[in-house]
Amino acid sequence: MKTLLVEDDPLLGQGIADALNYHNHLVEWVRCGQQALNFAEASEFDVIILDLGLPDIDGLNVLKKLRNKNITTPILILTARSTSGEKVTGLDYGADDYMVKPFDLPELLARLRALHRRESHQKSPTISHQNIRIDPAVASVFHNDMIVDLSRHEYDLLLLLMTRPEQIFSRQSLVDKLYTWDNDVGSNTVEVYVHHLRKKLGKNVIKTIRGIGYRLGDCTE
C-alpha cells in the first residue's frame with residue numbers, strides 16, 4: 001500500500017512511518033500542507049494520512065484543496081483536534097475517516113486496511129487480462145487459476161500495467177509510481193522486476209517498446 005503521511009511532529013511522524021514500513025507500506029512522509037498538495041498531485045497513493053495542525057496550511061484547507069483538484073484518494077484525518085464540529089467539517093470536506101490523537105496503532109492499521117479494501121472494491125472486484133487475474137482486495141494474483149507468489153514490487157508493477165493495459169510506461173514513470181522518493185532505486189531496478197514477472201507469468205507478459213518503455217503484453221503465449 002503506497003501511503004502519503006502528512007505529519008509535522010518529527011517524533012510522531014517517524015514513529016508512524018517506521019510502523020507503516022514494517023507493515024509493508026511504501027511511505028512518503030511530508031511535514032507541511034504545500035508538500036502534501038505537491039506529492040498528491042505528482043504521484044498516486046492508496047491512502048493519505050492527514051494531520052490538521054500543519055505549520056503552513058491548515059489541514060482542513062489541504063483536504064478541501066485536494067478534493068477540489070479531484071484527487072479521490074482515501075484520506076484519514078489523524079489529529080489532536082477532538083471537537084465534534086471539526087470532525088463533521090472534515091467529513092463534509094471529503095475525509096473518509098477521522099482518528100484523534102493519542103491513538104492505538106493496531107486500530108490505525110486496521111482502518112487503513114479497511115479504506116484500501118473499500119477503494120479496491122469500488123474500483124473493481126477483480127482485474128483480468130487473458131489468463132491472469134488480480135484480486136486487489138486481498139492482493140492476490142492468479143495465472144491459469146493458480147495463485148502466483150509475487151513480491152510487493154512485482155505485484156505493484158503488474159497491477160499498474162493491468163489497470164492501464166493500453167498505456168506505455170517509461171522506466172522513469174514506473175520508478176515514480178512504484179517507489180518512494182527516499183528509496184535507493186538502482187539503475188536496473190525496473191528491469192529486474194520485469195524479468196521476475198516474465199519468469200513467473202510468461203516471457204511475453206510485459207512487452208518492451210524499444211526506446212520508450214514497457215506495456216502489458218500477450219499473456220497467453
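**Exercise 1. Compare the length of helix α8 with the expected length, then find which side of the helix is buried.**

Solution. This is a predicted model. Start with the count: α8 covers residues 189-201, which makes 13 residues. At 1.5 Å a residue, 18 Å is expected. The first and last C-alpha atoms lie 19 Å apart, close to that value.

Next, list the buried residues. They are T189, V190, Y193, V194, L197 and L201. Around the axis they cover an arc of only 135 degrees, which puts them on the same side of α8. The general rule helps here. An α-helix has 3.6 residues a turn, so residues three or four places apart point the same way.

Finally, look just past the helix. G202 follows α8, and its phi is positive, near 115 degrees.

**Exercise 2. Describe how α7 packs on α8: angle, axis separation and contact residues.**

Solution. Take the geometry first. Helix α7 spans residues 171-178. Its axis is 9 Å from that of α8, and the packing angle is about 85 degrees. An angle from 65 to 115 degrees counts as roughly perpendicular. The two helices, α7 and α8, are therefore roughly perpendicular to each other.

Now the residues. From α7 come R171, L174 and V175; from α8 come T189, V190 and E191. Sort them by class: three are nonpolar, one is polar and two are charged.

**Exercise 3. Do the same for α6 and α8.**

Solution. Helix α6 runs over residues 152-163. The axes of α6 and α8 come within 10 Å and cross at roughly 85 degrees. That makes α6 roughly perpendicular to α8.

Then list the partners. On the α6 side are H153, E154, L157 and L158. On the α8 side are Y193, V194, H196, L197, K200 and L201. By class, this contact has six nonpolar, two polar and two charged residues.

Now set the contact beside the burial list. Y193, V194, L197 and L201 of α8 meet α6, and these four residues are buried.

**Exercise 4. Check the span of α1 and assign its residues to a buried or an exposed side.**

Solution. Helix α1 holds residues 10-22, 13 in number. At 1.5 Å a residue they should span 18 Å. The end C-alpha atoms are 18 Å apart, which agrees.

Burial comes next. G13, I16, A17, A19 and L20 of α1 are buried. Seen down the axis, they fall within an arc of 165 degrees, so they line one face of α1. P10, L11 and Y22 are exposed on the other side of α1.

**Exercise 5. Place F45 and L60: where do they lie, are they buried or exposed, and what do they touch?**

Solution. Begin with F45. This residue sits in the loop between α2 (33-42) and β3 (47-50). Its relative accessibility is 8%. Buried means under 20%, so F45 counts as buried.

Leave out neighbours within four places in sequence. F45 then contacts K2, T3, L4, E28, F39, A40 and T73. As a distance check, take V27, which is 18 residues from F45 along the chain. The C-alpha atoms of F45 and V27 are 9.4 Å apart.

Turn to L60. This residue belongs to helix α3 (residues 59-68). With a relative accessible area of 10%, L60 is buried. Not counting residues up to four places away, L60 touches L52, R81, T89, G90 and Y93. H23 is 37 residues from L60 along the chain, and the C-alpha atoms of L60 and H23 are separated by 28 Å.

**Exercise 6. Describe the backbone at P102, N70 and Q130, and place each residue in its loop.**

Solution. Recall the usual case. Most residues other than glycine have a negative phi, and most peptide bonds are trans.

Take the peptide bond first. K101 and P102 are joined by a cis peptide bond, with omega about -5 degrees. P102 lies in the loop between β5 (97-100) and α5 (105-123).

Then take phi. N70 is not glycine, yet its phi is positive, near 65 degrees. N70 lies in the loop between α3 and β4 (75-79). Its relative accessibility is 66%, so N70 counts as exposed.

Q130, also a residue other than glycine, has a positive phi near 55 degrees. The loop between β6 (127-129) and β7 (132-135) holds Q130. At 45% relative accessibility, Q130 counts as partly exposed.

Terms used: Residues numbered from 1 in each chain as written. Predicted model: local features only at pLDDT ≥ 70, side-chain atom pairs only at ≥ 80, totals over all residues. Heavy atoms only, no water. Expected span 1.5 Å × (residues − 1). Buried < 20%, exposed > 50% of the residue type's maximum accessible area, 1.4 Å probe, protein only. Arc of directions from axis to C-beta. Axes fitted to C-alpha atoms, helices over the stretch in contact; angles between N-to-C directions. Parallel < 35°, antiparallel > 145°, perpendicular 65-115°, else oblique. Contact = heavy atoms within 4.5 Å. Nonpolar A, V, L, I, M, F, W, Y, C, P; charged D, E, K, R; others polar.
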